[in-house]
Amino acid sequence: MPKPTVSIITGYYNRADMVRRTLSSLIKQDFKDIEVIVFDDASTDGTANEIKAFIEETQDSRITPIYHTQNIGFVAGLLDAIKQANGQYIAIQGSGDYSYPSRIALQKALLDKHREVGVVGSYYENYVANSKILRLRCPNANTVNLDDLLKNNVFTHGEVMFRRETYEKAGGYRE
């Protein structure tokens, strides 16, 4: 079986009510050459069961689940999932987040066109459920330099895509 172009990583801890929303948005992406690696970090609320049920219902072979028997933390879960990823691009998806169908295609196209770019993010809408406020966030990395990035990341983590080679050159995530 050929390797997918994009590996999407999404991790959960006690977010059973968010599994279907997020995974549905990922398997409905316009760009289809993906794998979705979803890990459950030993949730106690039935998250693992929701992941299993979703995979059973959809029969989507692009989804690879990882079930931790003990909680290892989000970063350790990411490190493990990325080691298992096969794509040349790695996309991170926040648990509970929804990606519009064109997200992966647009980010991949930008990375394909601009070899000098190692990481790409996107605009995002932040919905604050308890106050029913919807805020559009429009991060712009065009004027950001290394000093700026060391102080503050322009993107939130749940919408980035990066080249695997950039990730490896940077030494991956700090434990």
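Q: How much area does the protein expose, and what share of it do carbon and sulfur atoms supply?
A: This is a predicted model, in which local features need pLDDT of at least 70 and side-chain atom pairs count only at pLDDT 80 or more, while totals for chains, interfaces and linings use all residues. Residues are numbered from 1 along each chain as its sequence is written, and side-chain values use heavy atoms, with hydrogens and water left out. By the Shrake-Rupley method with a 1.4 Å probe, where for residues only the protein chains shown count as cover, the protein exposes about 10,300 Å², and the share from carbon and sulfur atoms is 51%.

Q: What percentage of the residues of the protein count as buried?
A: A residue is called buried under 20% relative accessible area, exposed over 50% and partly exposed in between, using a 1.4 Å probe and protein chains only. Of the 175 residues, the part that counts as buried is 42%.

Q: Which pattern of helices and strands does the protein follow along the sequence?
A: Helices (H or I, at least four residues) and strands (E, at least two) are taken as DSSP runs and numbered from the N terminus. There are 6 helices and 8 strands. Read along the sequence, they follow the pattern β-α-β-α-β-α-β-α-β-β-β-α-β-α.

Q: Which strands stand at the edges of the open sheet of 6 strands?
A: Strands of a sheet pair through backbone hydrogen bonds, either parallel or antiparallel, and here two strands are said to pair if DSSP finds at least two bridges between them. The open sheet has mixed pairing and the order β3-β2-β1-β4-β8-β5. One side of each edge strand is left without a neighbour in the sheet, because each has a single partner strand, and these two are β3 (63–67) and β5 (119–120).

Q: Which residue of β2 is the bridge partner of Gly11?
A: β1 and β2 pair in the parallel sense over 7 bridges. Within β2, Asp40 stands opposite Tyr12, while the bridge partner of Gly11 is Phe39.

Q: How many residues of β2 are buried?
A: Ile34, Val36, Val38 and Asp40 point one way from the strand, whereas Glu35, Ile37 and Phe39 point the other way, and all of them are buried. β2 is thus mostly covered, and the number of its 7 residues that are buried is 7.

Q: Which helix supplies the largest share of the largest nonpolar core?
A: A nonpolar core is a set of buried Ala, Val, Leu, Ile, Met, Phe, Trp, Tyr and Cys residues joined through side-chain atoms within 4.5 Å. In the largest one, of 21 residues, Val6, Ile8, Leu23, Ile104 and Met161 touch the most other members. β1 (6–12), α1 (19–27), β2 (34–40), α2, β4 (89–92) and α4 (103–113) each give at least two residues to this core. The largest share, 4 residues, comes from α1.

Q: Is Phe54 buried or exposed?
A: Phe54 lies in helix α2 (residues 47–58). Contact here means heavy atoms within 4.5 Å, and, not counting residues up to four places away in sequence, Phe54 touches Arg20, Leu23, Ser24, Ile27 and Ile63. Leu23, with neighbours within four places again left aside, is in contact with Thr10, Tyr12, Val36, Val38 and Phe54. With a relative accessible area of 3%, Phe54 is buried.

Q: Is Leu106 buried or exposed?
A: Leu106 is found in helix α4, and its C-alpha is 9.5 Å in space from that of Asp30, although the two are 76 residues apart in sequence. At 56% relative accessibility, Leu106 counts as exposed.

Q: Why is the pair of Phe39 and Phe74 described as tilted, and what is the angle of their planes?
A: Rings of Phe, Tyr and Trp (its six-membered ring) pair if their centres lie within 6.5 Å, and planes under 30 degrees apart count as stacked, over 60 as edge-to-face and the rest as tilted. The structure holds 5 aromatic pairs. The pair is tilted because the ring centres of Phe39 and Phe74 are 6.1 Å apart and the angle of their planes is 35 degrees.

Q: Which residue is linked with Phe162 and Tyr167 into a cluster by ring pairs?
A: Phe162 is buried at 6% relative accessibility, and Tyr167 is likewise buried, with a relative accessible area of 14%. Ring pairs link Phe162 and Tyr167 into a cluster with Tyr173.
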